[in-house]
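Visitor: I would like to be walked through this structure by question and answer. Where do we start?

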Amino acid sequence: MSQKDVIVSNLVGELKRGTLVLSVLLNTKESTYGYALVQALQGLGIDIEQNTLYPLLRRLEKQALLSSSWDTTESRPRKYYQISQLGLEVLSDLTAHWQETNKIINTMLEEV
């Protein structure tokens with residue numbers, strides 16, 4: 001892999017990490033458990049590993065952006081996550097910032 005390829009790969013990784021919170025909040029409007037969330041995000045083209053997602057879910061829960069509950073009715077208990085009211089408010093603000101940033105970037109790209 002060339003130096004350029006390494007640099008681009010690292011920068012793409014940074015861009016993706018910057019969008020993970022927004023992606024998780026958008027995909028927890030309905031209650032979902034971690035593995036199903038990984039599958040849903042990957043199905044949308046967002047490459048995320050479980051070892052990246054679970055610490056993020058715990059952090060968002062600690063920040064009160066997600067709420068969680070355990071389902072113990074199955075043979076294997078699962079922790080389900082859902083966006084909280086505060087999470088919805090933060091999501092609204094993040095979405096507005098995302099749209100404004102996207103608009104600015106698109107304007108700059110048109111000039112290239």
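Guide: We start with a term: a salt bridge is a side-chain nitrogen of Lys or Arg within 4 Å of a carboxyl oxygen of Asp or Glu. Bear in mind that this is a predicted model.

Visitor: How many salt bridges does a search of the whole structure find?
Guide: Side chains of opposite charge can pair when their charged atoms come close. One such pair is K4 with D5, at 3.7 Å from N to O. Another is E61 with K79, at 3.2 Å from N to O. The search of the whole structure gives a total of 2.

Visitor: Is K4 buried or exposed?
Guide: The cut-off for exposed is over 50% relative accessible area. K4 has a relative accessible area of 56%, so K4 counts as exposed. Its partner D5, at 35%, is partly exposed. For K4, then, the word is exposed.

Visitor: How many residues apart in sequence are the parts that E61 and K79 tie together?
Guide: The side chains of E61 and K79 meet in a salt bridge. E61 belongs to helix 3 and K79 to strand 3, so the pair ties together parts whose separation in sequence is 18 residues.

Visitor: Which strand pairs with strand 3 through 6 bridges?
Guide: Strand 1, residues 32–33, is joined to strand 3 by 2 bridges, and these two run antiparallel. One of the pairings there puts T32 opposite Y81. Residues 66–71 also run antiparallel to strand 3, with 6 bridges, and L66 has I83 as its bridge partner. The strand with 6 bridges is strand 2.

Visitor: How many residues does the hairpin between strand 2 and strand 3 pass through?
Guide: Strand 2 and strand 3 run antiparallel. A hairpin joins them, and the number of residues in that connection is 6.

Visitor: How many residues are in the largest nonpolar core?
Guide: In soluble globular proteins, nonpolar side chains tend to be buried together. Helix 1 (3–26), helix 2 (34–43), helix 3 (50–62) and strand 3 (78–83) each give two or more residues to this core. Among the residues with the most contacts inside the core are V24, L37 and L66. The core's residue count is 17.

Visitor: Which residues does V24 touch, leaving out those up to four places away in sequence?
Guide: V24 is one of the residues with the most contacts inside the core. With residues up to four places away in sequence left out, V24 touches L37, L41, L53, L56, L57, L60 and L66.

Definitions and conventions:
Residues are numbered from 1 along each chain as its sequence is written. This is a predicted model: local features need pLDDT of at least 70, side-chain atom pairs count only at pLDDT 80 or more; totals for chains, interfaces and linings use all residues. Side-chain values use heavy atoms; hydrogens and water are left out. A nonpolar core is a set of buried Ala, Val, Leu, Ile, Met, Phe, Trp, Tyr and Cys residues joined through side-chain atoms within 4.5 Å. Buried means under 20% relative accessible area, exposed over 50%, partly exposed in between (1.4 Å probe, protein chains only). Helices (H or I, at least four residues) and strands (E, at least two) are DSSP runs, numbered from the N terminus. Contact means heavy atoms within 4.5 Å. Two strands pair if DSSP finds at least two bridges between them.
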